[in-house]
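The following exercises concern helix packing, salt bridges and surface accessibility. Each task is followed by a solution in steps.

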Amino acid sequence: MAENEGMAVSGEQARHWHYADLPGVDLLRARYIRKTFVRHTHEHFVIAAIADGVEVFHHGGGDQYAGAGALALVNPDTPHTGRAGVPEGWRYGAVYPSPDVVAAIAAEATTLRGTPGFVRPVLDDPYAVALVHRVLRATDEGNALAADTLLRVAVTQLLRLNGGPLPQRAVRTAGARIAARARAVLEDRMAAPPTLEQLATDLGTSPFALLRAFRDAYGMPPHTWLTDARVRHARRLLDAGTTPAQAAVAVGFTDQPHLNRHFTRIVGVPPGAYRRERKNVQDTRRRLLVPSDAWQNKQQ
């Protein structure tokens with residue numbers, strides 16, 4: 001309970017959840033005022049529909065502004081930040097479909113070829129904004145048919161207005177190859193990573209050359225990338241039922257408060273609140289396995 005109290009006192013509220021009948025999609029509804037998202041990435045697409053206020057996010061070398069009636073659109077593995085653009089903050093609803101979900105919709109409903117993605121990070125389209133909020137409302141109401149249908153319509157609309165093939169990231173230069181090797185080492189040694197100097201020595205380069213190559217390849221320095229990767233891995237552990245304290249140690253954070261701080265700055269909610277929503281989905285699935293007559297008896 002304490003995890004959400006700070007947000008409630010400050011006027012900030014957020015819920016990050018899954019809906020069992022909408023697989024491969026994360027859902028978020030939030031109001032932020034002083035919230036600041038540090039530079040991070042997502043494995044899924046970000047489709048954030050702004051209802052009130054303005055969100056500012058650094059993307060592609062500059063600040064992007066998304067106000068009411070607009071959508072903030074971020075492709076997977078694209079570094080970006082987030083903060084309020086006006087004193088009253090911003091209120092929004094967001095869906096985070098996986099690359100597989102978006103690719104399947106694109107193949108069925110559009111003429112896009114290659115790996116589909118969004119061309120521009122901000123799109124003014126009140127119709128698509130309304131569709132995203134209707135997806136979230138349908139999940140609240142337990143209306144699986146509506147949630148699935150509206151998600152497909154929304155993604156199709158956005159791809160037709162703002163879609164294109166994502167560029168393929170080919171590893172051609174020596175610097176890019178070194179960055180890829182460094183990333184592999186950090187993934188393998190996430191809980192006990194080497195120093196920048198140790199990593200550079202092991203890869204046969206200098207610390208500054210490695211730092212430059214890594215930033216060029218992944219849009220952030222190795223230590224920032226590692227924090228982002230740890231939070232990603234912690235999310236997967238929490239999805240599987242691991243406690244926040246266990247997840248913190250497993251991914252290399254010193255303790256749960258350390259995980260809490262970074263997790264909230266990237267995901268938007270504390271890990272305990274995030275895990276409770278996942279547990280609610282799992283409990284719902286288990287309840288659905290109970291014979292219908294037993295369920296009816298419990299309701300009487």
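**Exercise 1. Packing of α2 against α4**

In this predicted model, helix α2 (residues 99–109) and helix α4 (residues 144–162) have axes that come within 10 Å and cross at roughly 75°. Classify the relative orientation of α2 and α4 and describe their contact.

*Solution.*
Step 1. Angles from 65 to 115 degrees count as roughly perpendicular. The crossing angle is roughly 75°, and α2 is therefore roughly perpendicular to α4.
Step 2. On the α2 side, the contact is made by Val101, Val102, Ile105, Ala106, Glu108 and Ala109. The α4 side contributes Leu151, Arg152, Val155, Thr156, Leu159 and Arg160.
Step 3. Sorted by class, the contact of α2 with α4 comprises eight nonpolar residues, one polar residue and three charged residues.

**Exercise 2. Packing of α5 against α7**

Apply the procedure to helix α5 (residues 174–188) and helix α7 (residues 207–218).

*Solution.*
Step 1. The two axes approach within 8 Å, and their crossing angle is roughly 90°. Helices α5 and α7 are therefore roughly perpendicular to each other.
Step 2. From α5, the contacting residues are Gly175, Ile178, Ala179, Ala180, Ala182, Arg183 and Leu186. From α7, they are Leu210, Ala213, Phe214, Ala217 and Tyr218.
Step 3. The contact of α5 with α7 contains 10 nonpolar residues, one polar and one charged.

**Exercise 3. Salt bridges between distant parts of the chain**

The structure holds 13 salt bridges. For the pairs Asp140 with Arg29, Arg232 with Asp77 and Arg278 with Asp239, locate the partners and decide whether each is buried or partly exposed.

*Solution.*
Step 1. The side chains of Asp140 and Arg29 form a salt bridge with an N to O distance of 2.8 Å. Asp140 lies in helix α3 (residues 126–140) and Arg29 in strand β2 (residues 25–32), 111 residues apart. A residue is buried under 20% relative accessible area and exposed over 50%, with partly exposed in between. Asp140 is partly exposed because its relative accessibility is 41%. Arg29, at 32%, is partly exposed.
Step 2. In the bridge between Arg232 and Asp77, the closest N and O atoms are 2.7 Å apart. Arg232 belongs to helix α8 (residues 222–239), while Asp77 sits in the loop between β6 (70–74) and β7 (80–84), 155 residues apart. With a relative accessible area of 16%, Arg232 is buried, whereas Asp77 is partly exposed at 34%.
Step 3. Arg278 and Asp239 meet through their side chains at 3.1 Å, N to O. This pair joins helix α11 (residues 271–288), which holds Arg278, to helix α8, which holds Asp239, and the partners are 39 residues apart. Arg278 counts as buried because its relative accessibility is 3%; Asp239 is partly exposed, with 26%.
Step 4. Salt bridges with shared partners connect Arg15, Arg29, Asp140 and Glu277 into one network.

**Exercise 4. The chain as a whole**

How many helices and strands does the chain have, and what percentage of its residues is buried? State also the accessible surface and the percentage of contacts that join residues at least 24 apart.

*Solution.*
Step 1. The chain has 12 helices and 11 strands.
Step 2. Of the 300 residues in the chain, 46% are buried.
Step 3. The accessible surface is about 15,000 Å², and carbon and sulfur atoms account for 53% of that surface.
Step 4. Consider contacts between residues at least 6 apart in sequence: 72% of these join residues at least 24 apart.

Key:
Residues are numbered from 1 along each chain as its sequence is written. This is a predicted model: local features need pLDDT of at least 70, side-chain atom pairs count only at pLDDT 80 or more; totals for chains, interfaces and linings use all residues. Side-chain values use heavy atoms; hydrogens and water are left out. Axes are lines fitted to C-alpha atoms, for helices over the stretch in contact, and angles run from 0 to 180 degrees between N-to-C directions. Helices (H or I, at least four residues) and strands (E, at least two) are DSSP runs, numbered from the N terminus. Angles under 35 degrees count as roughly parallel, over 145 as roughly antiparallel, 65 to 115 as roughly perpendicular and the rest as oblique. Contact means heavy atoms within 4.5 Å. Ala, Val, Leu, Ile, Met, Phe, Trp, Tyr, Cys and Pro count as nonpolar, Asp, Glu, Lys and Arg as charged, and the others, Gly among them, as polar. Buried means under 20% relative accessible area, exposed over 50%, partly exposed in between (1.4 Å probe, protein chains only). Accessible areas come from the Shrake-Rupley method with a 1.4 Å probe; for residues, only the protein chains shown count as cover. A salt bridge is a side-chain nitrogen of Lys or Arg within 4 Å of a carboxyl oxygen of Asp or Glu.
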